[in-house]
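Thanks for coming. I will go through one model this morning, starting inside one chain and ending at the contact between two.

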Amino acid sequence: MHGFYRWSAKWWPGLIPLAILWVVAAWVSTIPLETDLTARSTAALKNTILDKSQITVAGRDVSFSAEAFSEDGRRSAVSSVEATPGVRLVNDETRLVAEAKPFVWVAERDNVRVTLWGTAPLPASRGRIVEAARAALSGTEVSDRMGLKRGAPVRFDAAAVLLLDQVAKLKEGKAVISDTNISLSGMARDLGGREAIAAALKNLPEGFTVAANDVKAPPYVVQANKDPVTNTLTLSGYVPDNTIHAALASAAGRKFGNEKIVDNLKASIGAPGGFAAAVTTALGALSRLSTGTLVVSDREVKLSGDALYEVAADQIRASLARELPQGWQAKAEVSVKPAAAPVDASVCQQLFVQNLTKGRIRFEPSSASINVDSAGLLDRLVEIAMRCPNVRVEIAGHTDGDGDAAFNQSLSEKRALAVEEYLVKAGLPADRFSTIGYGSTQPIATNDTDEGKLQNRRIEFVVRQAP
Amino acid sequence: MTYLAMFHWGWLLGAFLIGFCMGWIAVVYRGRSVSRVWIQRLSVIAAVIVGIAIAKVVPGRFGYWLDLGLALFGFYLVGCAIGSWLRDIVVVRQQARAT
């Protein structure tokens, strides 16, 4: 031991090369050491969820700044850096991510892109939302402008993903989550999009409520065009289902007995309430026009064209607005077709026969009330009568063979009178017409079949020269 | 400490070798010795510096350089001790053979 004291008293000269070694070691090793510690600290934070994480190393001391999403996460991150081998001190400059109140998230769509605004709760949520947006809106640019903040409601991700699916159904518009309130606005891409979105919103995660759903659908349009040149009625647009499609096709067949019907209607949901009744009424009005176009757009009925005579134009304008279901708007731009050239009695008779062969004046069963489907045919008969002002016309009523003969006789007379009344209301002088009922005494077909009875129930116009 | 030793093993080995050589020479060196009082004073100063290093009072790069210096100094002292001890054994044997 004594030797050590003696020897150690002579160890001092070695301190000079040691000092040189120290200076060189400090000069050479500082930067590599700092680089190595930066890499190790960063690796230690690999599995920690942080925002704006920054690590600066001076010597063996680490300055660590970051925004954490929970107090536990923040502590855990600091501990991870402190536990990194070689780290001497950690200057903890971490803090919690700011809390958003209210927590607002927006997905806004225009023609070219979807922009995601507002805040997401975690980087993973943000990534998931952006991925969901790309998946739901493939082919559309997704612009991510989301920030990260605390305070998201529970199941926020699921709500956002569900809303992105709804934004995909919009042509333009936006979906907003404000805390647990959801609001949507904009224009649906397709007919029925509004209904599809409303249905999907029923599956929102628990706790979320729909504060506003102002999504508008494109107008639900049905068009009908009556072309007297080709003698066709063209139907296009949408109907809600096959039942209503069949009902409208059948109504068109009854009202447009003389025209060929081209049916281009397609089925789609999203029809406004009272759709079938409104379109049927509007088709009735169109059937009374010589030429015309009907556009039913949402709850607006726009009818334009030429009526066959002045009174008909007035009646169409008045009845369309009156007969549409409540909440529907009518816009009738009905003018009157120029009067056709007068014809002589034989042509007049021929025209009456032609029209009454192609179409039939319908009445309610066992009644003298003229069925509304016959208005178009009656208007054509009025027009023909106007073209031969100098002839007298006998209106003859016939029934089928069913029922009591006296009842049939009376019914045929009343039906002939009802037709005469229609003609007089149209502005024709009453003294040009006479009525007669034949009951079932002059059948033109067998009364044993329904088809035969249908033919026997008829009104005939017989032209008599004026005295 | 393990990390420092692994990262700086070359420098520490250098300090150890310098110490070993110094210790080897010190046994037969006839030059000036440091007085016992000064050894005690320097030991106190060294203890204070070690205390400062353990307390991590010196920040950043200066703190690191202090740690590095102390580590090198420690290995130097160990080298000196081993060098002197081995040389002493050699010298004693030579003296025994000479007598």
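Leu378(A) is buried, with a relative accessible area of 0%. This is a predicted model, so please keep that in mind throughout. Leu378(A) sits in helix H11 of chain A. Leaving aside residues up to four places away in sequence, Leu378(A) touches Ile361(A), Ile370(A), Val419(A) and Tyr422(A). For a sense of distance, take Arg113(A), which is 265 residues from Leu378(A) along the chain. The C-alpha atoms of those two residues are separated by 57 Å.

Now the helix around that leucine. H11(A) is mostly covered, with 11 of its 13 residues buried. The buried residues of H11(A) include Ala375(A), Gly376(A) and Leu377(A) at one end of the list, and Val382(A), Glu383(A), Ile384(A) and Ala385(A) at the other. Charged side chains are on that list too: among the buried residues are Asp379(A) and Arg380(A). Does the length of H11(A) agree with the expected span, or disagree? At 1.5 Å a residue, its 13 residues should span 18 Å, and the end C-alpha atoms are 19 Å apart, so the length agrees.

Next, the cysteines. How many disulfides does a search of the whole structure find? The answer is one over all chains. That disulfide is formed by Cys348(A) and Cys388(A), whose sulfur atoms are 1.7 Å apart. The pair links distant parts of the chain, 40 residues apart. Cys348(A) is in helix H10, residues 345-358, while Cys388(A) is in the loop between helix H11 (375-387) and strand S18 (391-398) of chain A. Both ends are covered: Cys348(A) is buried at 0% relative accessible area, and Cys388(A) counts as buried at 1% relative accessibility.

Chain B has cysteines to look at as well. Why is there no bond between Cys21(B) and Cys80(B)? The closest cysteine sulfur to that of Cys21(B) is in Cys80(B), and at 9.4 Å it is too far for a bond. The cut-off for a disulfide is 2.5 Å between the sulfur atoms. Seen from the other side, Cys80(B) is in no disulfide. As for surroundings, Cys21(B) counts as partly exposed, with 44% relative accessibility, whereas Cys80(B) counts as buried, with 0%.

A few words on backbone geometry. Lys101(A) and Pro102(A) are joined by a cis peptide bond, with omega about -5°. Pro102(A) is in the loop between strand S4 (95-96) and strand S5 (104-109) of chain A. Ser366(A) is not a glycine, yet it has a positive phi of about 55°. Ser366(A) lies in the loop between H10 and H11 of chain A, and it is exposed, at 56% relative accessible area. In chain B, Lys56(B) also has a positive phi, near 55°, and is a residue other than glycine. Lys56(B) lies in the loop between helix H3 (36-54) and helix H4 (60-98) of chain B. Lys56(B) counts as partly exposed, at 36% relative accessibility.

Staying with chain B, there is a record to compare with the model. The unreviewed UniProt entry annotates residues 6-29, 41-58 and 64-86 of chain B as "transmembrane region". In the model, residues 6-29 of chain B are 83% helix and 0% strand, with end C-alpha atoms 34 Å apart. Residues 41-58 of chain B are 78% helix and 0% strand, and there the end C-alpha atoms are 22 Å apart.

Last, the contact between the two chains. Chain B contributes 40 residues and chain A contributes 36 residues. Together, chain B and chain A bury about 3400 Å² between them, and 71% of that is on carbon and sulfur atoms. How many salt bridges are counted between chain B and chain A? The count is two. One of them pairs Asp67(B) with Arg60(A), the closest N and O atoms being 2.6 Å apart.

Trp22(A) also meets chain B. Trp22(A) is in helix H2, residues 15-44, of chain A. With residues up to four places away in sequence not counted, Trp22(A) touches Trp65(B), Leu68(B), Gly69(B) and Leu72(B). Trp22(A) counts as partly exposed, at 34% relative accessibility. Trp22(A) and Ala340(A) are 318 residues apart in sequence, and their C-alpha atoms are 119 Å apart in space.

How values were computed: Residues are numbered from 1 along each chain as its sequence is written. Chains are lettered from A and ligands numbered from 1 in the order in which they are written. This is a predicted model: local features need pLDDT of at least 70, side-chain atom pairs count only at pLDDT 80 or more; totals for chains, interfaces and linings use all residues. Side-chain values use heavy atoms; hydrogens and water are left out. Helices (H or I, at least four residues) and strands (E, at least two) are DSSP runs, numbered from the N terminus. Buried means under 20% relative accessible area, exposed over 50%, partly exposed in between (1.4 Å probe, protein chains only). The expected span of a helix is 1.5 Å times one less than its number of residues. UniProt positions are given in the numbering used here, feature names are shortened, and annotations may be inferred rather than shown by experiment. Contact means heavy atoms within 4.5 Å. Buried area is the accessible area (1.4 Å probe) that two parts lose on being put together, summed over both. A salt bridge is a side-chain nitrogen of Lys or Arg within 4 Å of a carboxyl oxygen of Asp or Glu.
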